[in-house]
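Dear colleague,

Please find below the structure I am handing over to you. My findings follow it, arranged by topic.

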Amino acid sequence: MTSEFAVEMRDVVKKFITPEGNELNAVDHVTMQIKNGEFFSMLGSSGCGKTTSLRMIAGFEWPTEGEVYIEGKSTGHTPPFQRKVNTVFQSYALFQHMTVFQNIAFGLEMEGAKESEIKKRVGRALEMVQLTGMERRRPRQLSGGQQQRVAVARALVKTPDVLLLDEPLGALDLKLRKEMQLELKALQQQLGITFIYVTHDQEEALTMSDRIAVMSKGRVQQLATPVEIYERPVNKFVADFIGESNFLEGKIKHISGNEALVHIPVLNAEIRGMPMSNNFVNGEEVSVSIRPEKIRIAEQAAKGEGLFQAKVLTSVYIGSDTHVYADLNGTRLKVMEQNRISRLDPSSFYTKDQVITLVFMPENTLILKKD
Amino acid sequence: MLQRFRENKSMQGTFLALPTTLWLFVLLIIPLFLTMVVSFGQRSPDGDVIYSFSFDNYARLFGYSTDCPDGQASCFDSLYVNILSRSLTLAFNTTLIVILLAYPLAYFIARSHPNRRNMFLFMVLIPLWTNFVIRVYAWMMLLRKEGAINIVIGWVMNLLNIPYTPLEMLYTPGAVLVGMVYEFLPFMILPIYTSLEKIDNSLYEAAADLGANAFRTFLRITLPLSMPGVVAGTILVFIPVMGTFIVSDILGGRQVILVGNLIQRQFLDARDPTFGSAASLILMVMTLIVTYFYTRKFGFGEEIIAA
């Protein structure tokens, strides 16, 4: 490996013509640097350009503008079969007329590997995905999770520099999906190969990734580690898309360092020490984001906490947590409370119109640009 | 009684299969049985059937003859054996050429833009709206000595100052082959198209991703996955070509006689239904044998029929 980056996209644009004949930038000036050995996720809702970006790295699409580099080399119009990247497809794309063994061996045969070599490597790949003994089955005779493993083995047996995964777990049920997430992550760490993972599932991305590119409308909104993305989203879109956020409108009164004093009319208060996501100026209108789990329902405020009265709209019990929707001077807030104590008594739950006291620390909020 | 019927699945099955069985019996089993009975009979001098149990008709088909030139009691006459083998050869050749022509066309249609696919398929189907016989006559107009093809070639040759005697194309085995290929081409295009169209695009991408170029992708992925269509098309083409007599009648004249023509003439011109029946049964057996070995090797193309 000669380059620091496994894959690099430089100012890449991909234009498509819509059925109405309009030009659409599916990928709009995207620049990303994906490091060697990294588990990198592209996260976004459908149509955000994540799959198109992945397909350009694989070679199924060519950029309209800009350039994709793999291991420091410009890819240009190199066809997929000459790139040292392999793909795990969303639909698995297994060859139904071949056995599991033949499916996995296909890529090695194309390289012209010797038969003994193929046998050895396919055996090892099957072992890796725990499918030893399934060689002679047809894909149809496997469960969804097993088919998924075959797809992974088929791509990994080629020992690619980069493995591309296009929503590979989308078709699996929740429990299996969570198992596979951990398994794929373990596999990636064990092999040390760069994984580029496309998903619309934020929890999946947060669970597995070293870094995440949050995409929307063909652009990268934020590229950072999971913790940074969650705790320091750069804009309202990311704050809203990853996890949940309550947004309160406010105005900056005073800035000191990375923090600011913000007047928030809804709370009828000026709060000191709120962290800022970008550069702001005095008097700027802003949105303050507060995560539901960072608000506490309390009798009393600790030192330094703001304390506000709100009225319960609804309370939803979901087992591990209780979600409380409360009205605070006309603004709806969501508060998450962990159910640390088993309670059966219905009167211990919040009821409609009950007045509660909400508490949060200023440093657990984030000032975002108002858009 | 009704209660028992409700609970008994196999009784319900039998009941539901009854109408089909009845139709099969009336329309297939009984006529087939009658044909068999007649084929063992003999023709009376005035063209009626004398029912007996003789294998004479079959012996005659396979070359046994009592009408011998140098006073022998019996000898071998290759006339009917030649007709049978000619029919078989023609059916093989037609099927092969139809596959070679239909596959690229079906491939082209299946890989073309979805908006245009329906139009191409429509164009494949248009000829089928015209009567079979009329289409064969159209080929006669094209192929005959004063036909369109000869006129165009003659005109070009005239421009080039080359002397040209019109080609004798009509009433040749070639003309029959061309007619057969033309008539049965759509029946091969459609099943192959169906099986090609069902191949998910991600399979082509997966093959490319794993290092296969276009040619190897075709050999290893496209071709095997479209075989059910080829098999279904082959059955749809081979069987009718073995039996049809219209194409050879119109484009082959008296030069190209196939089993179909033989059977037709026995029933209509020669008025010997016993020999005609024997020929019909032999045709059926031949077709069954070929189809049996073919489907044992390649299957029935079930996936296409199921789709």
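How many residue pairs are in polar contact between chain B and chain A? The count is nine, with both residues of each pair at pLDDT 80 or more. Please bear in mind throughout that this is a predicted model.

**The interface of chain B and chain A**

On the side of chain B, 16 residues are in contact with 21 residues of chain A. The area buried between the two chains is about 1800 Å², and carbon and sulfur atoms give 61% of that area. Within chain B, the residues that lose the most area to chain A are B:Asp209, B:Leu210 and B:Arg220, which together make up 40% of what that side buries.

Two salt bridges are counted between chain B and chain A. B:Arg220 takes part in a salt bridge with A:Glu109, with an N to O distance of 2.6 Å. B:Arg220 is therefore both a partner in a salt bridge, whose limit is 4 Å between a side-chain nitrogen of Lys or Arg and a carboxyl oxygen of Asp or Glu, and one of the three residues of chain B that lose the most area to chain A.

Two helices of chain B, α9 (201–209) and α10 (214–243), each supply at least two residues of the side that touches chain A. The largest share, seven residues, comes from α9(B). By class, this side of chain B has nine nonpolar, three polar and four charged residues.

**The two domains of chain A**

Chain A is divided into domain 1, residues 5–238, and domain 2, residues 244–369. Taken over C-alpha atoms, the centres of these domains are separated by 38 Å. How many residues of each domain are in contact with the other? Eight residues of domain 1 of chain A are in contact with 12 residues of domain 2 of chain A.

The area buried between the two domains is about 850 Å², of which 47% is given by carbon and sulfur atoms. In domain 1, A:Tyr230, A:Arg232 and A:Lys236 lose the most area to domain 2, together 63% of what that side buries.

One salt bridge is counted between the domains of chain A. A:Lys294 forms a salt bridge with A:Glu231, and their closest N and O atoms are 2.8 Å apart. In addition, four residue pairs are in polar contact between domain 1 and domain 2, both residues being at pLDDT 80 or more. Helix α7 of chain A, residues 226–231, gives the largest share of the side of domain 1 that touches domain 2, namely three residues. The residues of that side divide into four nonpolar, one polar and three charged.

**Buried elements and residues**

Helix α1 of chain A, residues 50–58, is largely enclosed by the rest of the structure, because seven of its nine residues are buried. The buried residues are A:Lys50, A:Thr52, A:Ser53, A:Leu54, A:Met56, A:Ile57 and A:Ala58. Just after α1(A), A:Gly59 takes a positive phi of about 100°.

One of these helix residues, A:Thr52, is in contact with A:Ala26. A:Ala26 is found in strand β2 of chain A, residues 23–35, and is buried, with a relative accessible area of 11%. Its other contacts, leaving aside neighbours within four places in sequence, are A:Lys14, A:Phe16, A:Cys48, A:Gly49 and A:Gly218.

In chain B, B:Ser226 is placed in helix α10 and counts as buried, at 0% relative accessibility. The side chains of B:Ser226 and B:Tyr103 are joined by a polar contact of 2.5 Å. Not counting residues up to four places away in sequence, B:Ser226 also touches B:Ser195, B:Leu196 and B:Ile199.

**Positive phi outside glycine**

Two residues of chain A may be of interest for their backbone angles. A:Asp11, in strand β1 (residues 5–17), has a positive phi near 50° although it is a residue other than glycine. A:Tyr92, in the loop between β6 (85–88) and α2 (100–111), has a positive phi of about 70° and is not a glycine either. Are these residues buried or partly exposed? A:Asp11 counts as partly exposed, at 41% relative accessibility, whereas A:Tyr92 is buried, with a relative accessible area of 6%.

With kind regards

Technical notes. Residues are numbered from 1 along each chain as its sequence is written. Chains are lettered from A and ligands numbered from 1 in the order in which they are written. Side-chain values use heavy atoms; hydrogens and water are left out. Domain bounds come from an automatic or database domain assignment. Contact means heavy atoms within 4.5 Å. Buried area is the accessible area (1.4 Å probe) that two parts lose on being put together, summed over both. A polar contact is a pair of N or O atoms within 3.5 Å; within protein, one must be able to donate a hydrogen and the other to accept it, and residues adjacent in sequence count only if both atoms are side-chain atoms. Helices (H or I, at least four residues) and strands (E, at least two) are DSSP runs, numbered from the N terminus. Ala, Val, Leu, Ile, Met, Phe, Trp, Tyr, Cys and Pro count as nonpolar, Asp, Glu, Lys and Arg as charged, and the others, Gly among them, as polar. Buried means under 20% relative accessible area, exposed over 50%, partly exposed in between (1.4 Å probe, protein chains only).
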